Amino acid sequence: ERGHGPYQPHEPGYGLYQPGYSPYDDQIPDPKSRMLAIQNAKAYLLKSSTTSGLNLYDHLANMLTKILDEQPTNAVDIIENISKDVKWAQLQKKMDTLRDEHEILPTFEAAEKRKALFLKANGEGDEELEEEIGETPLPNVMETAFYFEQAGIGLSKDESYHVFLALKKLISVQPIQTCRFWGKILGLEMNYIIAEVQYHEGEEEEETEEEEVIEEGGKGMGEVEDEDEKKEKEDEPPKSTYKPPPVIPKEENGTGANKYVYFVCNEPGKPWVKLPPVTPAQIVCARKIKKFFTGRLDAPVVSFPPFPGNEANYLRAQIARISAGTQISPIGFYQFAEEEGDEEEEGGGGRDTYEENPDFQPLSVAEMVDSLAAWVHHGQSILKQGRCVWLNPFQKSEEEEEEDEEEEKAEEPDELQQEIGPPLLTPLSEDEGIQNIPAWTAQPSSNLIPQYAVAILQSNRWPGAYAFASGKKFDNIYFGWGHKYSPENHTPALPPPVQAEYPSGPETTETRDPTLEEELAFKAATEEALAAAEDEEDEEEVVEDDEEEEEEED
């Protein structure tokens, strides 16, 4: 047995200081492996931090240098403070100028961005006096924010006022007749502040006419090029017989899903951007996908089914869907115009316009909260087709019908059933719930002081959509991610089955190899057929010989 010192053989420190002994001898006996382990350990210590850019090796070396230079008492007790001092000395700026560098605070940067909102243009004071006398399209955002604040809904006062000023700037630039703060849709990188506007009559028509002229000119050039290409090509490849489904046209500006025009910006003070009109194909596809917004209008929408457009089009489609399902008002506030209603009912298109009721008598807050029948939808619902008014895609004009009469007789599509949605001003009590969850939740803003409470409605189908009513005042707003509630997790649509390469049938299917019995039977059958054919030939020869003999005798 080996001798031992103060440590017992079973204790960890036994033999630690004896020559030729190392606690790692049994783990790394090879010197090359030991050097490799040391290099790996040093490489790990030299790894830089992703946050500060420092590495532990240099930090420990600087700490030891500082301790040896200063030699403080009880260095082990203040090792944490020494570490902080070493880090602080490296992160401090090197001041080589006489004056300190000016530090730009985030609040200062935000103030610079919103500085333009608080500046007045030359002669704006006179315009404000004129607007006070007449009507202004600028909505009272602060009043609406006050009512929603009673229920804890909305933005901060500062942000609401900034949105107020941003809307004022938008109205001063665009020829807007009506304007409303629609809401705020959240994004991963930036958010969207949305304004819902209507142009003066004739303003938006000019823009659409210019777009149509450009499109027609482009088509004309394309037709000329196609004719030249056809002349050059002598042998054309076979054309596909596939006929895509007809493209459903979008609704005209000022009607249906394109009744309003929407402007968006990421923050108050940034320029407003006009969203393009929405198409039925975009609405139909938006119902099948679920994507978070990034805050960049030009960002691509990667999804299946593929979305026809970028994030600006997807945002416009979601705004149309949310507006169609959550724009509500107290019953009796709007009414149908008698003359227009009769004409539209005769045409069979249904009523799509309404007007304010001058004799509206508001209900009490208790009545607005107790029954959902006290609220109605004043926004047109969107059909499965992606339009508010159904359109037959196979219906053609008289000229096209005369040209394509023969083709239609050969291939007549099945008659489509006309889609009919709920009419305008339908009570909320007729909305379908989501499994066991009602479509809407109504509650007063305060149960402690009910005589001064405000009626608040919250949509459970579109989380983030709210409405309030207090006397003759009401409004709708949305704050959320722009997603519809689904009790189950979102499941993307499966891709369609793979198309068959060729039609399977007896003409293209290979026959199986015959068995030995079948081959023998086939051989016997062929031999019998050959023998029968030879017998018939012999009989025919005998008959011919007999006929020749009879002719010679005659």
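## Met-190 and its neighbours

Let's start with Met-190 and the company it keeps in this predicted model. Leaving aside residues up to four places away in sequence, Met-190 touches Asn-266, Lys-270, Thr-294, Gly-295 and Arg-296. Met-190 itself sits in the loop between β1 and β2, the latter strand covering residues 192–199.

Is Met-190 buried, partly exposed or exposed? Its relative accessible area is 27%, and because buried means under 20% and exposed over 50%, Met-190 counts as partly exposed. There is also a sequence-distant pair to look at here: Met-190 and Glu-267 are 77 residues apart along the chain, while their C-alpha atoms are 8.4 Å apart in space.

## The open sheet

If you trace the strands across the fold, you will find an open sheet of 8 strands. Reading across the sheet, the order is β4-β3-β2-β1-β12-β11-β10-β9, and the pairing is mixed. The edges are formed by β4 (273–274) and β9, each of which pairs on one side only. The two strands that flank the loop of Met-190, β1 and β2, stand next to each other in this order.

## Around strand β10

Strand β10 spans residues 455–459, and 4 of its 5 residues are buried, leaving the strand mostly covered. What does β10 pair with on the side of β9 (residues 440–444), and in which sense? The two strands run antiparallel, joined over 5 bridges. Within this pairing, Trp-440 has Ser-459 of β10 as its bridge partner, and Gln-443 stands opposite Ile-456, again in β10.

β10 also pairs with β11 in the antiparallel sense, this time over 4 bridges. Here Gln-458 is bridged to Tyr-466 of β11. β10 and β11 make a hairpin with 5 residues between the strands, and Gly-464 in the turn carries a positive phi of about 110°.

## An enclosed space

How many cavities of 30 Å³ or more does a search of the whole structure find? There is 1, and the largest cavity holds about 50 Å³ of space. The lining consists of Arg-180, Trp-182, Ile-322, Thr-326, Gln-327, Ala-465, Tyr-466, Asn-476, Ile-477 and Tyr-478. Two or more lining residues come from each of β1 (176–185), α10 (311–326), β11 (465–470) and β12 (473–480). Among these elements, β12 gives the most, with 3 residues.

By residue class, the lining divides into 6 nonpolar, 3 polar and 1 charged. Tyr-466 links this section to the previous one: it is part of the cavity lining and also the bridge partner of Gln-458.

## The protein as a whole

Stepping back, the protein has 15 helices and 12 strands. Of its 554 residues, 26% are buried. The accessible surface comes to about 40300 Å², with 51% of that belonging to carbon and sulfur atoms.

For contacts between residues at least 6 apart in sequence, 62% join residues at least 24 apart. The contact partners of Met-190 fit that picture of sequence-distant contacts, with Asn-266 and Arg-296 among them.

Methods
Residues numbered from 1 in each chain as written. Predicted model: local features only at pLDDT ≥ 70, side-chain atom pairs only at ≥ 80, totals over all residues. Heavy atoms only, no water. 1 Å grid on protein atoms, 1.4 Å probe; cavity = no way out; pocket = protein on both sides within 12 Å on 5 of 7 lines; lining within 4 Å. Points joined across faces, edges and corners; volume = space filled by probe spheres on them. Nonpolar A, V, L, I, M, F, W, Y, C, P; charged D, E, K, R; others polar. Buried < 20%, exposed > 50% of the residue type's maximum accessible area, 1.4 Å probe, protein only. Contact = heavy atoms within 4.5 Å. Pairing = 2+ DSSP bridges. Areas by Shrake-Rupley, 256 points an atom, 1.4 Å probe, with all protein chains shown as cover.
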